[in-house]
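Here are some questions and answers for a reader who has not met this structure before. Each answer sets a value against the definition behind it.

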Amino acid sequence: MEDLRYAACEGLLVSGPQDGVLEIRLDRPAARNALSTPLLRGIVGLLDVAEADDAVRCVVLTGGDKVFAAGADLAEMAAKDMQAVLVEERPHLFAAIARFPKSIVGAVCGYALGGGCELVMHADIIVAGESAQFGQPEINLGIIPGAGGTQRLTRAVGKSLAMKLVLSGEFIDAAEARAAGLVAEVVADEACIARAHELAGKIASRAPLAVRLAKESVLQSFETPLSAGLAIERRNFVVLAGTEDRNEGVRAFLEKRKPVWKGR
Ligand code: CO8
């Protein structure tokens with residue numbers, strides 16, 4: 001029976017959760033998966049349910065074959081003046097996605113542009129199909145990235161390449177994105193979603209508290225100086241030493257069997 005908590009809103013297709021993995025697919029092909037505010041609200045609503053649902057351990061976020069997402073909805077943006085942009089909801093929606101504590105694997109085929117690139121940079125791991133193209137073409141519209149592109153892209157690929165994308169509006173392909181560290185793997189387009197699910201399934205089969213604190217620790221490396229990041233890692237390592245799952249993991253290894261996680 002369909003799980004009504006995951007009933008998708010318009011523009012999103014949802015499948016699962018199955019074996020710990022929930023798939024959210026952007027599906028507004030007529031607008032090239034443009035990220036309207038209702039669409040972003042829909043994603044955040046699904047993540048809110050997923051956060052509280054023990055049956056979800058990892059989320060796969062994907063789009064279409066030709067376009068992951070073409071960025072902010074330009075029809076919506078055209079109607080907003082400075083005051084409307086100042087008070088809009090979108091920054092809060094992106095912040096909610098950034099706060100999602102479970103893991104997200106992005107699967108990108110085709111264009112991930114502007115807000116689309118920024119959205120998928122909220123994923124912990126990106127798997128790209130060979131057709132993937134990443135870009136921040138806002139400069140062509142007389143604006144700049146507004147959902148973290150100048151910050152997350154720079155942290156992912158370094159200053160010079162980030163400047164090239166943000167200042168010129170040029171795109172990079174999957175191979176260049178892989179070489180620069182924006183994506184973890186490049187596979188054939190047909191294999192992209194399956195590979196993302198394979199990784200998500202592995203993450204879903206790991207101890208949930210360890211996955212959560214590992215994600216938090218890695219993300220803190222972007223927020224803190226090294227000494228503070230090391231202190232956060234140490235604190236999380238100590239916290240995990242007090243969990244039932246850590247005892248089970250070590251015992252299962254010594255007894256040469258698979259661990260059974262309780263998430264405690
Ligand atoms: N918003 C709304 N509609 C779009 C968008 C978009 N971003 N992109 C495409 N569409 C629509 C087109 O208007 C067109 O509609 P129609 O059929 O009614 O004329 C339809 O989709 C098809 O478009 P194309 O003919 O251009 O499709 P192609 O397959 O030839 O090209 C591309 C696909 C390359 C993706 C192309 O559509 C394109 O370049 N799109 C715009 C990309 C872009 O400039 N993105 C940046 C947008 S700005 C942004 O993302 C800022 C984020 C800030 C977030 C702030 C949060 C706080």
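**Ligand and sheet**

Q: What makes the approach of G115 to the ligand a polar contact?
A: A backbone N or O atom of G115 lies 2.8 Å from an oxygen atom of the ligand. A polar contact is a pair of N or O atoms within 3.5 Å, so this pair counts. A backbone N or O atom of L74 lies 2.9 Å from a ligand nitrogen atom, and one of A30 lies 3.2 Å from a ligand oxygen atom.

The model is predicted: local features need pLDDT of at least 70 and side-chain atom pairs 80 or more, while totals for chains, interfaces and linings use all residues. Residues are numbered from 1 along each chain as its sequence is written, and side-chain values use heavy atoms, without hydrogens and water.

Q: Which residues are closest to the ligand, and what makes a residue near?
A: A residue is near if one of its heavy atoms lies within 4 Å. The ligand is surrounded by 23 residues, the closest being R32, A70, A72, L74 and G115.

Q: Why are β4 and β9 called edge strands?
A: The open sheet has the order β4-β6-β8-β9, with mixed pairing. β4 (67–69) and β9 (171–173) each have a single partner strand, so one side of each lacks a neighbour in the sheet.

Q: How do you know that β4 and β6 pair?
A: Pairing requires that DSSP find at least two bridges between two strands (E runs of at least two residues). β4 and β6 (residues 111–113) have two bridges, in the parallel sense, so they pair. In β6, A112 is the bridge partner of A69.

Key:
Helix = DSSP H or I, 4+ residues; strand = E, 2+ residues; numbered from the N terminus. Polar contact = N/O pair within 3.5 Å; in protein donor to acceptor, adjacent residues only side chain to side chain.
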